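Hi,

Here is the structure I promised to pass on to you. Could you open it alongside this message while you read?

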Amino acid sequence: MIYRIIGFLLLIETAMLLCCGGVSLLYRGDDLPSFLQSAGITACVGFLLLLIGRGAEKRLGRRDGYVIVSVAWVAFSLFGMLPFYLSSYIPSVTNAFFETMSGFSSTGATILDDIERLPHGLLFWRSMTQWIGGLGIVFFTIAVLPIFGVGGIQVFAAEASGPTHDKVHPRIGITAKWIWSIYAGLTGALIILLMLGGMDVFDSICHAFATTGTGGFSTKQASIEFYHSPYIEYVISIFMFVSGINFTLLLLFVNGKFRKFIHDAELKWYLWSVIGFTAFIAIVLYYNSSMGVEEAFRKSLFQVASLHTSTGFATADYMTWPSVLWGTLTVIMIIGACAGSTTGGMKCIRLLILAKISRNEFKHITHPNAVLPVRVNKQVISPSIRSTVLAFSFLYAVLIIVGTLAMMGMGVGLLESLGCTISSLGNMGPGLGLCGPAYSWNELPDMGKWLMSFFMLLGRLELFTVLLLFSSDFWKKN
């Protein structure tokens, strides 16, 4: 059954590659043959896997779900790198895989030093990988699983491994389709608004894909700064913020359940976090640069929204700002936005639970016999969820340390190693130092690029899904 599902997903990827081939044909790009070859290879492997899985038992276990999710992401990246590699625009396998994994994991880190040299087909493919990867290849899986007569809850549990995954409909497949509709609607609205701001149709579509997918790949080397448009900056800032909200919550809003939307604890934490960090950075910029009030606010809002939602667009090189803001933006990278969104980072809900656990510990010291449940949205958080959040936080910190030390062992500087690790694990895009928003990651050693690609996958699937595959207990039949 796993072979069949992966095979079917590869056929979906074939259709995407052909779609980008159509864009290449429209703009008469020299990358059309690479898309046709890539689509042919992907389709052949997809049909072969379907053939191998013919007559499979229509049943999926929880373990199968974790395997499907991890394998789907790696398979999409392996076959998705083919257009870059076969067209010779990225002649290195390492760089081609890195760029593609960065896209499908909606990270947005790039090895390209001259993005505008790429033909339209490849630029469109870069943006599409982020749009597809943003909400999850897994949601595709959930939508197609009924074709094979199997349920999608195991796959959903593997991909959405956050503290909570609320259901708005008993059938997870229907929920997935509703959420995809909102996702597509946001993308369509942003395309129109960007076109009204002076972007051409092609750039509007690509930037809308990268914004709602919170990926951050731009068609310009200078990112959004290229357009010098306050209107475009404000519009993208708003849509980045909205894309950072739990999509289940957005679905409740669309269905008219405004009270539940407004009073959501995680949304409040996220909103006040964005407001607080924006105000602090704007004040520092106003008093330490030549920016006026409006420009300081706009640059601050954009960078906070971009890094809070792990999008990674840039309208300024924040490495030229006062050094206190580097640390502030690094904290924002680690926090992330809401669970159930297209974003990366630790997620606000986990930090909210950790804050309440910490507060209760202080109360326990003075009142040892008190029973102090942790409540979020008036619901008691079970001990199992609390332990999962604590384990996730510990692993997140350990991986940042291990990743930083490993990169430094490869000869990368401390600031760059720390920035790359936090950025990859949080699916951010820009890092620190020479891997900041003004630079590409091309200078990293090949081994470092493979390690950061693995960290992108870890971050996108929230650690446990991938790390479970390295546990011997996971593979035991019982």
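Below are my notes on what turned up in it. Please keep in mind that this is a predicted model.

**The core**

Let me start with the inside. The largest nonpolar core holds 135 residues, and the ones with the most contacts inside it are W125, Y270 and W321. Helix α1, covering residues 2–26, contributes the most to this core, with 9 residues.

W321 is a good place to zoom in. Setting aside neighbours within four places in sequence, W321 is in contact with I281, L285, M291, K299, Q303, A316, W326 and L329.

**The annotated site**

Next, the annotation. The unreviewed UniProt entry lists T107, G215, T311, N427 and M428 under "binding site". Those positions span 322 residues in sequence, yet no two of their C-alpha atoms are more than 8.0 Å apart, so they gather at one spot.

I looked more closely at two of these residues. G215 sits in the loop between α10 (201–212) and α11 (230–243). Is G215 buried or exposed? Its relative accessible area is 0%, so G215 is buried. Not counting residues up to four places away in sequence, G215 touches S106, T107, G108, Q130, A210, S310 and T311. Two of those partners, T107 and T311, are themselves in the UniProt list.

N427 belongs to another loop, the one between α19 (414–425) and α20 (446–460). With a relative accessibility of 1%, N427 also counts as buried. Again leaving out residues up to four places away in sequence, N427 touches S105, S106, T107, S310, G344, M456, G459 and R460. S106, T107 and S310 therefore appear among the partners of G215 as well as those of N427, where the cut-off for a contact is heavy atoms within 4.5 Å.

**Two helix pairs**

Two packed helices are described by the angle between their axes and the distance between the axes. Here are two pairs to look at.

The first is α5 (residues 93–104) with α6 (residues 120–135): their axes come within 6 Å and cross at roughly 45°. α5 and α6 are therefore oblique to each other. On the α5 side the contact is made by E99, S102, G103 and F104, and on the α6 side by W125, R126, T129, Q130, I132 and G133. By class, this contact divides into 3 nonpolar, 5 polar and 2 charged residues. W125 will be familiar from the core, where it is one of the residues with the most contacts.

The second pair is α19 with α20, whose axes come within 7 Å and cross at roughly 40°. That makes α19 oblique to α20. Here α19 supplies C420, T421, S424 and L425, while α20 supplies M452, F455, M456, L458 and G459. The contact has 6 nonpolar, 3 polar and no charged residues. M456 and G459 are also among the residues that N427 touches.

**G103 up close**

G103 is found in helix α5, and at 0% relative accessibility it counts as buried. Leaving aside neighbours within four places in sequence, G103 is in contact with T129, Q130 and F217. For a sense of scale, G103 and A296 are 193 residues apart in sequence and 30 Å apart in space, C-alpha to C-alpha.

**Positive phi, and a lysine**

Most residues other than glycine have a negative phi. With that in mind, have a look at R28 and K378. R28 is not a glycine, but has a positive phi of about 55°. R28 is located in the loop between α1 and α2 (32–52), and at 80% relative accessibility it counts as exposed. K378 likewise has a positive phi, near 65°. K378 is placed in the loop between β1 (375–376) and β2 (379–380), and it is exposed, with a relative accessible area of 82%.

What about K220, buried or exposed? K220 lies in the loop between α10 and α11, and at 16% relative accessibility it counts as buried. Beyond its neighbours within four places in sequence, K220 is in contact with I115, E116, D203, F226 and Y227.

Happy browsing, and do write back with any thoughts.

Best wishes

Definitions and conventions. Residues are numbered from 1 along each chain as its sequence is written. This is a predicted model: local features need pLDDT of at least 70, side-chain atom pairs count only at pLDDT 80 or more; totals for chains, interfaces and linings use all residues. Side-chain values use heavy atoms; hydrogens and water are left out. A nonpolar core is a set of buried Ala, Val, Leu, Ile, Met, Phe, Trp, Tyr and Cys residues joined through side-chain atoms within 4.5 Å. Buried means under 20% relative accessible area, exposed over 50%, partly exposed in between (1.4 Å probe, protein chains only). Helices (H or I, at least four residues) and strands (E, at least two) are DSSP runs, numbered from the N terminus. Axes are lines fitted to C-alpha atoms, for helices over the stretch in contact, and angles run from 0 to 180 degrees between N-to-C directions. Angles under 35 degrees count as roughly parallel, over 145 as roughly antiparallel, 65 to 115 as roughly perpendicular and the rest as oblique. Ala, Val, Leu, Ile, Met, Phe, Trp, Tyr, Cys and Pro count as nonpolar, Asp, Glu, Lys and Arg as charged, and the others, Gly among them, as polar. UniProt positions are given in the numbering used here, feature names are shortened, and annotations may be inferred rather than shown by experiment.
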